[in-house]
Amino acid sequence: MLDLGSGGGIDVLLSARRVGPTGKAYGLDMTDEMLALADENKRKAGLENVEFLKGEIENIPLPDNSVDVVISNCVINLSADKDQVLREAFRVLKPGGRFAVSDVVTRGEVSPEIRKSVLLWVGCVAGALEDVEYTNKLIAAGFGEIEIEPTRVYQAEDAREILSAEGIDVDAIAPQVEGKFMSAFVRATKPKTGF
Ligand SMILES: C[S@@+](CC[C@H](N)C(=O)[O-])C[C@H]1O[C@@H](n2cnc3c(N)ncnc32)[C@H](O)[C@@H]1O
């Protein structure tokens, strides 16, 4: 498996236990400090089947058709070229391989100011995609069996403090927020046929 933007490497270490000694878990990150922390965490965990790679998720340093699962938490949103990230994830997956990432996505129409304030609050996000856009990008990259499953839907009330601090009347904009921002699990599969 491969974790895009593995940070301190916790998800990679958990996955390494899951894939067992015959499997391999890769973490990819572009930041030296994060790679150093991840290597330190690997050493503490005493796991051998783990490798942290330095590089960008837009240009994954692994061969075509080389991994069974691509995971990622809170990273793809940060990329300025999400199409390229999804194409790269598709390229490195084996046919039949699974893409299973968590990210923040939006649903329906949201004004640019509200989008900016709420996404700042939700964290991790400046560039969150709308669910339909995410699906279209996955299709364009070649993926099938696409599912976007909300894991937490944010309410205006949850963001009252940050929105009020920005001078926004929370009660007035609540209808523009309700049900439109969510953390979601995005799943897709690289078709076995390669199409
Ligand atoms: C919000 S953290 C998430 C870390 C980890 N996935 C987690 O859940 O704790 C984002 C991580 O992605 C890395 N990152 C951001 N953009 C990247 C890119 N284009 N290529 C590689 N790594 C990237 C950062 O260095 C950072 O470690």
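Here a trainee and a mentor talk through a predicted model with a ligand and a few of its residues.

Trainee: Let's start with the ligand. Which residues come nearest to it?

Mentor: There are 15 residues around the ligand, and Gly5, Asp29, Thr31, Ile57 and Asn73 come nearest. To be counted as near, a residue needs a heavy atom within 4 Å of the ligand.

Trainee: What makes Asp29 a polar contact of the ligand?

Mentor: A polar side-chain atom of Asp29 is 2.6 Å from a ligand oxygen atom. The cut-off for a pair of N or O atoms is 3.5 Å, so the Asp29 pair qualifies.

Trainee: And what is the case for Gly5?

Mentor: With Gly5 the backbone does the job: one of its polar backbone atoms is 2.8 Å from a nitrogen atom of the ligand. That is within 3.5 Å, so this pair counts too.

Trainee: How far from the ligand nitrogen is the backbone atom of Met30?

Mentor: A backbone N or O atom of Met30 lies 3.3 Å from a nitrogen atom of the ligand. Set that against the 3.5 Å limit, and Met30 makes a polar contact as well. As for cover, the ligand taken alone exposes 600 Å², and the protein buries 76% of that.

Trainee: Where does the ligand sit?

Mentor: In the second largest pocket. The shell residues around the ligand divide into 6 nonpolar, 6 polar and 3 charged.

Trainee: Now Tyr134. Why is it called buried?

Mentor: Its relative accessible area is 0%. Buried means under 20%, so Tyr134 falls in that class. You'll find Tyr134 in helix 5, residues 131-141.

Trainee: How far is Tyr134 from Lys94, in sequence and in space?

Mentor: They are 40 residues apart in sequence, and 21 Å apart in space from C-alpha to C-alpha.

Trainee: Why is Cys74 called partly exposed?

Mentor: Cys74 has a relative accessible area of 26%. Buried would need under 20% and exposed over 50%, so 26% puts Cys74 in between. Cys74 is in the loop between strand 4 (67-73) and helix 3 (82-92). Look at its backbone as well: phi is positive, about 65°, although Cys74 is not a glycine.

Trainee: What about Glu145, buried or exposed?

Mentor: Exposed: its relative accessibility is 62%. The class starts over 50%, so Glu145 belongs there. Glu145 lies in strand 7, residues 144-154. Its phi is near 50°, a positive value in a residue other than glycine.

Notes. Residues numbered from 1 in each chain as written. Predicted model: local features only at pLDDT ≥ 70, side-chain atom pairs only at ≥ 80, totals over all residues. Heavy atoms only, no water. Polar contact = N/O pair within 3.5 Å; in protein donor to acceptor, adjacent residues only side chain to side chain. Areas by Shrake-Rupley, 256 points an atom, 1.4 Å probe, with all protein chains shown as cover. 1 Å grid on protein atoms, 1.4 Å probe; cavity = no way out; pocket = protein on both sides within 12 Å on 5 of 7 lines; lining within 4 Å. Sits in = over half its atoms within 2 Å of the grid points. Nonpolar A, V, L, I, M, F, W, Y, C, P; charged D, E, K, R; others polar. Helix = DSSP H or I, 4+ residues; strand = E, 2+ residues; numbered from the N terminus. Buried < 20%, exposed > 50% of the residue type's maximum accessible area, 1.4 Å probe, protein only.
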